[in-house]
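Student: I am new to this structure and would like to go through it step by step, with the reasoning spelled out. Could we begin once it is in view?

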Amino acid sequence: MKIKNAEFIISAVGPDQYPEDGLPEIALAGRSNVGKSSLINRLIMRKNLARTSSQPGKTQQLNYYRIHTDNELYFVDVPGYGFAKVSKTQRAAWGRMIEAYIQNREPLKLIMQVIDLRHPPSKDDIMMYDWLTHFDLPVCIVATKADKLPRSQWPKHLKQVKTTLGIKPNTPIIMFSSETGMGREELWDIITQTAFP
Ligand code: GDP
């Protein structure tokens, strides 16, 4: 996929700040530090547009990036879940914001749930997947950091992810590496097919 332009638009703290141009939105969900920023940067071939390593406290901001390929769309970086360091109040506020966004956001076309291929999905990963599929939105699982495992172990880990999540037949799963670019074209195919059917 050739990227003509990519720019950061806004860290939105509420619906009144979400863009109003109706372009398709592709959201990224995953626990903090799983590699969401690196994934965005690899998809758009920029080193540093999405800020790597999440900032604690910013649990209620949706980061919007406008991406111009043959068409235009937004990547929406959802704050990471499974955070150990935030209060219960912050966690509850996170839940409300994400829930409202995912349930009500008309331009939202696909959620890429990012997990770490090296480890079995956590309780939070499983909860998030159950919750996303419950709303019947298209979900794609991206199992990243594949470069950190020898190729011979990929099938075993892929199977572990599928089994632990209880993956549904219509959920695509992609092995990815932000380091090597593995899975990039395959993921772009899914993104464009869902955003521009
Ligand atoms: P975020 O908090 O989900 O946005 O995670 P980041 O993108 O900041 O990544 C967390 C750490 O994992 C950083 O040190 C990244 O360099 C590293 N990382 C992310 N993706 C990969 C990957 O595919 N391969 C390798 N080897 N490291 C990665």
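Student: In which sense do β3 and β4 pair?

Tutor: Please keep in mind that this is a predicted model. Strands of a sheet pair through backbone hydrogen bonds, in one of two senses. β3 and β4 form a hairpin with 3 residues between them, and I67 has L73 in β4 as its bridge partner. Over 6 bridges, the pairing of β3 and β4 is antiparallel.

Student: In which sense do β2 and β4 pair, parallel or antiparallel?

Tutor: Two facing pairs help to locate this contact: I26 stands opposite F75 in β4, and L28 stands opposite D77 in β4. The pairing of β2 with β4 runs over 4 bridges, and its sense is parallel.

Student: Which are the edge strands of the open sheet?

Tutor: The sheet is open and has 7 strands with mixed pairing, in the order β1-β3-β4-β2-β5-β6-β7. An edge strand here is one that pairs on one side only, and the strands of this kind are β1 (5-12) and β7 (173-175).

Student: How many residues of β4 are buried?

Tutor: A residue counts as buried when 20 or more other C-beta atoms lie within 10 Å of its own. By that criterion β4, which covers residues 72-77, is mostly covered, and its buried residues number 5 of 6.

Student: Why is helix α1 described as largely enclosed by the rest of the structure?

Tutor: The buried residues of α1 are K36, S37, L39, I40, N41, R42 and L43. Their cover includes the strands β2, β3, β4, β5 and β6, together with helix α5 (184-195). Helix α1, residues 36-44, is therefore largely enclosed because the buried share of its residues is 7 of the 9.

Student: Which residues touch the most other members of the largest nonpolar core?

Tutor: In soluble globular proteins, nonpolar side chains tend to be buried together. In the largest nonpolar core here, which holds 42 residues, the members that touch the most others are I26, L28 and A143. Strand β5, residues 108-116, gives the largest share of this core, 6 residues. The names asked for are thus I26, L28 and A143.

Student: Which residues of α1 does L28 touch, leaving out residues up to four places away in sequence?

Tutor: Beyond its neighbours in sequence, L28 touches F75, D77, V78, M112 and V114, and its list of contacts also includes K36, L39 and I40. The buried residues of α1 include K36, L39 and I40, and the α1 residues touched by L28 are K36, L39 and I40.

Student: Why do the buried residues of α3 line one face of the helix?

Tutor: Helix α3 (residues 123-134) has 12 residues and reaches 16 Å from its first C-alpha to its last, close to the 16 Å expected at 1.5 Å a residue. Its buried residues are D125, M128 and Y129, and they pack against β2, β5 and α4 (154-165). Seen down the axis of α3, these residues line one face because they fall within an arc of 100°.

Student: Which exposed residues does α3 carry on the face turned away from its buried side?

Tutor: The buried side of α3 is formed by D125, M128 and Y129. On the face turned away from that side, the exposed residues are K123, D130 and H134.

Key
Residues are numbered from 1 along each chain as its sequence is written. This is a predicted model: local features need pLDDT of at least 70, side-chain atom pairs count only at pLDDT 80 or more; totals for chains, interfaces and linings use all residues. A nonpolar core is a set of buried Ala, Val, Leu, Ile, Met, Phe, Trp, Tyr and Cys residues joined through C-beta atoms within 7 Å. A residue is buried if 20 or more other C-beta atoms lie within 10 Å of its own, exposed if 12 or fewer, and partly exposed in between; C-beta atoms are placed from the backbone. Two residues are in contact if their C-beta atoms, placed from the backbone, lie within 7 Å. The expected span of a helix is 1.5 Å times one less than its number of residues. The arc is that of the directions from the helix axis to the C-beta atoms. Two strands pair if DSSP finds at least two bridges between them.
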